[in-house]
Every structure is written in structure tokens, then in C-alpha cells.
Amino acid sequence: MSCEDCYKGFTLPGEPSGSMVDGAYLTYPAFPAPDGQPKRAIVVLTDIFGLPLKNSRVQADKIAKELNVDVWVPDLFAGMLSLQSYMYLWTHVALGQVNRR
């Protein structure tokens, strides 16, 4: 069962700093692995709002910085919002009814 907060929504502060590469958002760590060291990566899956909502990308940037790894966020919805998320955004974000933290 979903909690009441699941339906309120919010956008995270900050702007994503990575880029789209081969259909996925990619963000690099601030300090790459030294030569000869294995490179690590994490794959982060989005929620139903996908990549158009910046939250997954902002979180990926934070993970890359804190863990010093590449972070990939695949575009599961091909750059489009699902019908449910579109309806939510239309009724809440467009009307300024989303909580901003």
C-alpha cells in the first residue's frame, strides 16, 4: 500500500551535471580511477517519472561524487513520460502544487 507522500511529489534542488550517452544519463566522478585500477559503475533506475523529471539525474550526480564511480541512469521510457506521470505533472507541477524541498 502506498503512503500519502507518494502522491505529493517534489523536485530536488540543484541541476544535473552529466550528459546523455547512448540512451542513458551518465555522470562521472570528480576524480577518475588511477591508471591500472578497475573502474566501477552503478546503474540507477528511475521512478515512474523517468528522466524528464530531474530527480534521478540529481541523485546520480550525488552518488558519483560521494562514491567516486560512474553512474548510468537508463532512459526506460524513451524520453517520454508515462501517462500516469504526465497526468500528475499536468495537474500538480504545471499548477504549482508540488512541494519543493
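In this predicted model, N68 is partly exposed, with a relative accessible area of 33%, and this residue lies in the loop that connects helix 1 with strand 5. The phi angle of N68 is near 55°, a positive value in a residue other than glycine. Most residues other than glycine have a negative phi. A positive value also appears at D22, where phi is near 50°; D22 belongs to the loop between strand 2 (19-21) and strand 3, and counts as exposed because its relative accessibility is 80%, while the cut-off for that class is over 50%.

The two residues are set out below.

| Residue | Phi | Relative accessibility |
|---|---|---|
| N68 | near 55° | 33% |
| D22 | near 50° | 80% |

Strand 5 (70-74) has partners in two other strands described here. With strand 3 (residues 24-27) the pairing is antiparallel and extends over four bridges, and within this pairing T27 has V71 of strand 5 as its bridge partner. With strand 4 (residues 41-43), strand 5 runs parallel, joined by three bridges, and V43 stands opposite W72. Helix 1 (residues 55-67) combines with strand 4 and strand 5 in a right-handed β-α-β unit.

Beyond strand 5, the loop leading to helix 2 (83-93) contains L76, which counts as partly exposed because its relative accessibility is 49%. Leaving aside residues up to four places away in sequence, L76 touches L45 and T46. The C-alpha atoms of L76 and F49 are separated by 10.0 Å, and these residues are 27 residues apart along the chain.

Definitions and conventions. Residues are numbered from 1 along each chain as its sequence is written. This is a predicted model: local features need pLDDT of at least 70, side-chain atom pairs count only at pLDDT 80 or more; totals for chains, interfaces and linings use all residues. Side-chain values use heavy atoms; hydrogens and water are left out. Buried means under 20% relative accessible area, exposed over 50%, partly exposed in between (1.4 Å probe, protein chains only). Contact means heavy atoms within 4.5 Å. Two strands pair if DSSP finds at least two bridges between them. A crossover is right-handed if, with the strands pointing away from the viewer, the path from the first strand over the helix to the second runs clockwise.
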